[in-house]
Amino acid sequence: MKSTLGKLQGLSDREAASRRAAGQGNDLSLQTGRTYWDILRDNLFTFINGVYFFLSLVLIALGRASDVLVLASVVLLNVVINVIQEIRAKKKLDKIALITRPKASVIRSAQERSIDPAEIVVGDLLVVRPGDQVVVDGVMVDESDVKVDESLLTGESDLIPKQVGDPVYSGSFCVSGTGCYQAEKVGAESLASKMTAEARKFRKVLTPLQRRINMMIRLLLGVAIVLGLITTLRMILGVTSITSGVQNLAVIVGLVPIGLYFMITLTYALGAARIAEQSALVQQSNAVESISNVDVMCLDKTGTLTANRIQLRTAYPIGIDRTKLEAILGSYAISTATSNKTNEAILTALPAAKRPVKMEVPFGSAHKWSAIVFADEPGIYVLGAPEILGTVIPLQAGLKDYIQAGADQGLRVLLFAYSSTVPNLPDAAGNPVLPPQLQPLGILCFGDELRPDAQQTLSEFRQAGIQIKVISGDNPVTVAALARQAGLSDDILAVSGQDLAEMDEAAFIQTAEKGTIFGRITPEQKARLVQSLQSRQHYVAMMGDGVNDVLSLKQANVGVAMESGSQATRGVADIVLLNDTFSALPKIFLEGQRIQNGIADISKLFMVRIFAFILTIVAIGMITLTFPFGIKTSTLVTFLTVGLPPFFVTLWAKPTRPSAVQGDSFLHFVIPATLTLSLASILVYLYFLAENISPVFDWLSGQIPFEELGRQITFADVSRAQQVAEKAMITLQILGGLLLLPFLKPPTPAWVGGEPLSRDWRYTILAGIVLVMYGLILVIPFWQTFFELSSLKGIHYLGIGLVALIWALVVRFTWRHALLDRFFGIKISPF
């Protein structure tokens, strides 16, 4: 069809201004995701921060402003780290959106001009050429063989021809031809805006590890509240002095693991920095750790498995030498005046020199063929659809079967032919006419071009135990053929969206579980497939690039988008692959496992320390009616065991492939270590308490009666004995906490019990360095006085060291013989 662009008038500037004033403008701001306030609010008003705010009020009531300052500093640092990371990601996405923001060509007062899409109004005439984006919804009013790519909206990679009167949608792209459409729906009324409305609703998905840690923090908060109420009651009844009671409450508040929260935040920030080196952008701080839990990866074919290009698979010669056929095809592709994806694919596979052209018939959606007459050769070469060229070419049954077989495999099949007679082009109606006496020269089969890294990437996912499911808007046969090329097994189950639409809920969920390829899928069905997989306890990641993927990306546990994808998709994704680096995903997965392993390891150290503290406080309080920890001594134990070491534990963590072993490595490690360390601490405390109140041993040996015992013990004796017992107990707790490091990462088989052999000596060396630090604190008078540590004799330290060694042997025996499993009658040990 001949274009009439030069005859179009369009709106005048006055008409455009009037319509804008009437609210008919394309007033849609550049929105790439959350605002700065959204980011600050989502990181500031969290459950954990609420807990620490409550604790701060308690500390203020106790008159411990310095402790509130420390607590506030930790919370503020956590918020700042997360906010900086997420703002950095937002700025990067804003920059990408600004760079990729399209311009619009509009006709006003019979003049074509370039404007920003925000200046468009209803009724504007907009021109599209190859490569231009359709920026608002409208209807074609003029066309010259226009074909558009709507894959970002529908997921279907087929090009859609547009005739006068056909609708066009914002978010699609013009691939070939030149045309003009009239704006009808602008701003929030456009199809793309409606499809992405859900993307503006921010979601915060906690990982399984985060949920577990939150549950433990809730539990510890509950325990701290109970202990605090008991301590308060003791002060009211006069059992404990106000000063001692306040100090005890401060220690109880310290049971809530502020340091664990900070280390998790720091670990996420370090992980995001490492992922940035893999050309990936993390928008959610926990996304990298979250992806390590994924066991099902859903991919959209277009733009993820494929490179948005087609490639020539085969050129089957018919009655001509293959070399000669390939030479002619190469010259044909490079010599055309208007290139397209088909010619580009031929030229990539069959490079050739350009030849002078006498006449050319461009490819058109109406006639479905193109032709060239070379100036240095008589005759005409024609390339087109077999069903069109077959009307004038008698094809043998074998050739028809070959063409049908290619179509059944999801390939695009074209016929290449030659005629020595050049017809008069065009006919009276202005349409091109096929040459007479066409002779077939070859059958060309084209297929989507796989990303170079697709096969290797999918292989790495399978090795990691992750199921791959390809969900596309294309024909399931085409998608299945492509998936097999990417390395998926030949026995994959392909399902169409039409079949899914007829299924009830139970059948739908079962098909989602068993199917591998899903074709002709609507955006709503994509989200439902993800939801069905989640209902079967799968942890699902969804990867996409189009507006049609937004709903499923939000439904998934982890959303991954391509940089070249739509702005809405990038805005809603947890991770954005810069430069479309599909091969970065397995590396991100391994980094997530490294983060998860590091957080799991430090969580074990924190929980052993905290619950050992709690059990010791309760037991000693019940036996002696005293509180065994002071503020400074508890701070010292915390710093040396779960203050300094966790930083290096997370830094040195390594990724491990997931295994199908049963049991719970967390409980297997924590419960035996907590119970045995608590028991050892209680016994050491009671022994040193009794030893330093000499009448107690006299009473136990029968030398004095019980009545005399009360008269001989003074308050000063009890106070001094408590200080000595406290120092002995914290020494054991420090030794036990440091011995947990080589148990956590056994350098030799002798340390294996709680965790598998790692042969990593760094953790053991770290424990030795921290032990030396504690030794320096004991011998330097300033630090000894600062931490209120009373002196012990050398023989006492040797005795405590011997107790620590016995404890290590006992806990190792408990781990190795799975005594916890036997006691509870369930499988807990993972070994």
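In the predicted model, the charged end of Arg528 sits over the ring of Phe508, at 3.8 Å from the ring centre. A second arrangement of this kind involves Arg355, whose charged end is placed over the ring of Phe374 at a distance of 3.9 Å from its centre. Phe374 also belongs to an aromatic cluster, in which it is joined by Tyr332, Tyr381, Phe416 and Tyr418.

Aromatic pairing was examined across the structure, which holds 15 aromatic pairs. One of these is formed by Tyr316 and Tyr402, whose rings are stacked, with 4.6 Å from centre to centre and 25° between the planes. This pair connects distant parts of the chain, given that Tyr316 lies in strand 10 (residues 306-317) whereas Tyr402 lies in helix 15 (residues 397-408), the two being 86 residues apart. With regard to solvent accessibility, Tyr316 has a relative accessible area of 35% and is therefore partly exposed, and Tyr402, with a relative accessible area of 27%, is likewise classed as partly exposed.

The pair formed by Phe647 and Phe648 is edge-to-face, because the ring planes stand at 85°, an angle that falls in the range over 60 degrees, while the ring centres are 5.3 Å apart. Phe647 counts as partly exposed at 33% relative accessibility, and Phe648, for which the relative accessible area is 25%, is partly exposed, since this value is not under the 20% that would define a buried residue.

Conventions: Residues numbered from 1 in each chain as written. Predicted model: local features only at pLDDT ≥ 70, side-chain atom pairs only at ≥ 80, totals over all residues. Heavy atoms only, no water. Phe/Tyr/Trp six-rings, centres within 6.5 Å; stacked < 30°, edge-to-face > 60°. Helix = DSSP H or I, 4+ residues; strand = E, 2+ residues; numbered from the N terminus. Buried < 20%, exposed > 50% of the residue type's maximum accessible area, 1.4 Å probe, protein only. Lys NZ or Arg CZ within 6 Å of the ring centre and 35° of its normal.
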